[in-house]
Amino acid sequence: MCYYNGQKVTHAEFIRLKGIEKLVASYGFLSTDLHDGFAYGNIAVLKPIVGQKDFEIVQMEWGFIPDTWFGKPLDTREKVEQWRRGYKNAQGKFIPGITTLNAMSEELLLPGKIYRDSALNRRCLILSSGFFEWRHHFPANKRTGEPVKTALKIPHYITVKDQPYFFMSGEYKPWTDKATGETIDTVTINTTAAPEGHLMAKVHNSKMRMPSILNEDLAWEWMFEPLTESRITEISGTQFPSDQMTACTIAKDFKEQLDPAKPFLYEDLPMIESVL
């Protein structure tokens, strides 16, 4: 007979158990193989419940929207679209758009940064089963033998080994469309430097950056614990271990593929060798 039983669950296990339970319940919006950030659609986010050490999995618009930009209000969809996509000013000059899909962990808390208040008060986790990045490859010119000047951009699919999903640190902010009265949550994903020799430094070799992937213990701390500014910067700058990640090349038209993460081999492309 079983008269004595133990059910001690660590913070890490709690997050994963709760996540599995709610993933099943919310399967309808968690069955997307590829989210194109520049479509500014919804992605799945673990949002802490205020006053509780618990969370819900919700949809948030990927692409953080501040209230203002250089003093000008961003209070309607029309203004946000111009801000994101760019526009021509009164003199006919094109003003490039602003991308807030990612936030640099090193700059989160700098004075005046649009993410500062959210990093202090509205931290969250973005669910991922894998992400996509481009590697710049300079093959030898067949005539001269010298590297070509224009890089070939080879897409890769990156995952965490033996994990069906994992967590990226981020911040969210409510935004209201003054024209319609609709209020939504908008979110950004933190990125950090990929150290030399890291898998992501080899893949994302043009900028050598990577998303801030957190293990479950750090994920719990990020969402629920009161953090100092230095600790916020430290966690958001987490460089997930290279040997716990894997990357494969995928087809250049992966966005049009039924299985965008399907491996695709390129001739004469050197293999990535991570040293970390």
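This short talk describes selected features of one predicted protein model.

Good morning, colleagues. I shall begin with the strands around β12, continue with a pocket and the aromatic rings, and close with some individual residues.

Strand β12 covers residues 183–193, and nine of its eleven residues are buried. Which strands pair with β12? On the parallel side there are two partners. Strand β2 runs parallel to β12, and two bridges join them. Within that pairing, W62 lies opposite V187 of β12. Strand β7, residues 102–104, is also parallel to β12, here with three bridges. Its residue N102 stands opposite I189.

The antiparallel partners are β11 and β13. Strand β11, residues 166–176, is joined to β12 by seven bridges in the antiparallel sense. In this case Y172 faces V187 of β12. V187 therefore appears twice in my account, with W62 opposite it in one pairing and Y172 opposite it in the other. Strands β11 and β12 also make a hairpin, with six residues between them. In the turn of that hairpin, G181 has a positive phi of about 85°. Strand β13, residues 209–211, pairs with β12 through three bridges, again antiparallel. There, T192 of β12 is opposite M210.Let me stay for a moment with β2, which spans residues 55–62 and contains Q59. Is Q59 buried, exposed or partly exposed? Its relative accessibility is 42%, so Q59 counts as partly exposed, since that class lies between 20% and 50%. The C-alpha atom of Q59 is separated by 6.1 Å from that of V45, and these two residues are 14 apart along the chain.

I turn now to the second largest pocket. Its volume is about 330 Å³. What lines this pocket? The lining consists of 14 residues, and those that lie nearest the centre are W69, K72, L74, W83 and Y87. By type, the lining divides into nine nonpolar, two polar and three charged residues. Two elements, β4 (72–73) and α2 (77–85), each contribute at least two residues. Helix α2 gives the most, with four residues.

Two of the residues named for the pocket, W69 and W83, lead us to the aromatic rings. How many aromatic pairs does the structure hold? The count is nine. In one of them, W69 and W83 meet edge-to-face, with 5.7 Å from centre to centre and 65° between the planes. This pair links distant parts of the chain, as W69 belongs to strand β3 (residues 68–69) and W83 to helix α2, with their positions 14 residues apart in numbering. W69 is partly exposed at 27% relative accessibility, whereas W83 is buried, with a relative accessible area of 7%.

Another pair is formed by Y165 and F167. Why is this pair called edge-to-face? The ring centres lie 5.9 Å apart and the planes stand at 80°, so the pair falls in the edge-to-face class, for which the angle must be over 60 degrees. Both Y165 and F167 are buried. Elsewhere, ring pairs join F132, W134, Y157 and F254 into a cluster.

Next, the backbone. F70 has a phi near 50°, a positive value in a residue other than glycine. F70 sits in the loop between β3 and β4. With a relative accessible area of 76%, F70 is exposed. D162 is likewise not a glycine, and its phi is positive at about 60°. Where is D162 placed? D162 is in the loop between β10 (152–160) and β11. At 77% relative accessibility, D162 counts as exposed.

Finally, the cysteines. A disulfide is a covalent bond between the sulfur atoms of two cysteines. How many disulfides does a search of the whole structure find? The search finds zero. As for accessibility, C124 is buried at 0%, while C248 is partly exposed, with a relative accessible area of 24%.

To recapitulate, β12 has nine of its eleven residues buried, and its partners include β11, with seven antiparallel bridges. The pair of W69 and W83 is edge-to-face, and both residues are among those nearest the centre of the second largest pocket. Thank you for your attention.

Definitions and conventions: Residues are numbered from 1 along each chain as its sequence is written. This is a predicted model: local features need pLDDT of at least 70, side-chain atom pairs count only at pLDDT 80 or more; totals for chains, interfaces and linings use all residues. Side-chain values use heavy atoms; hydrogens and water are left out. A disulfide is a pair of cysteine sulfur atoms within 2.5 Å. Buried means under 20% relative accessible area, exposed over 50%, partly exposed in between (1.4 Å probe, protein chains only). On a 1 Å grid over the protein atoms alone, a cavity is a set of points where a 1.4 Å probe fits but cannot get out, and a pocket is an open set with protein on both sides within 12 Å along at least five of seven lines; lining residues have an atom within 4 Å of a point. Grid points are joined across faces, edges and corners, and a volume is the space filled by probe spheres set on the points. Ala, Val, Leu, Ile, Met, Phe, Trp, Tyr, Cys and Pro count as nonpolar, Asp, Glu, Lys and Arg as charged, and the others, Gly among them, as polar. Two strands pair if DSSP finds at least two bridges between them. Rings of Phe, Tyr and Trp (its six-membered ring) pair if their centres lie within 6.5 Å; planes under 30 degrees apart count as stacked, over 60 as edge-to-face and the rest as tilted.
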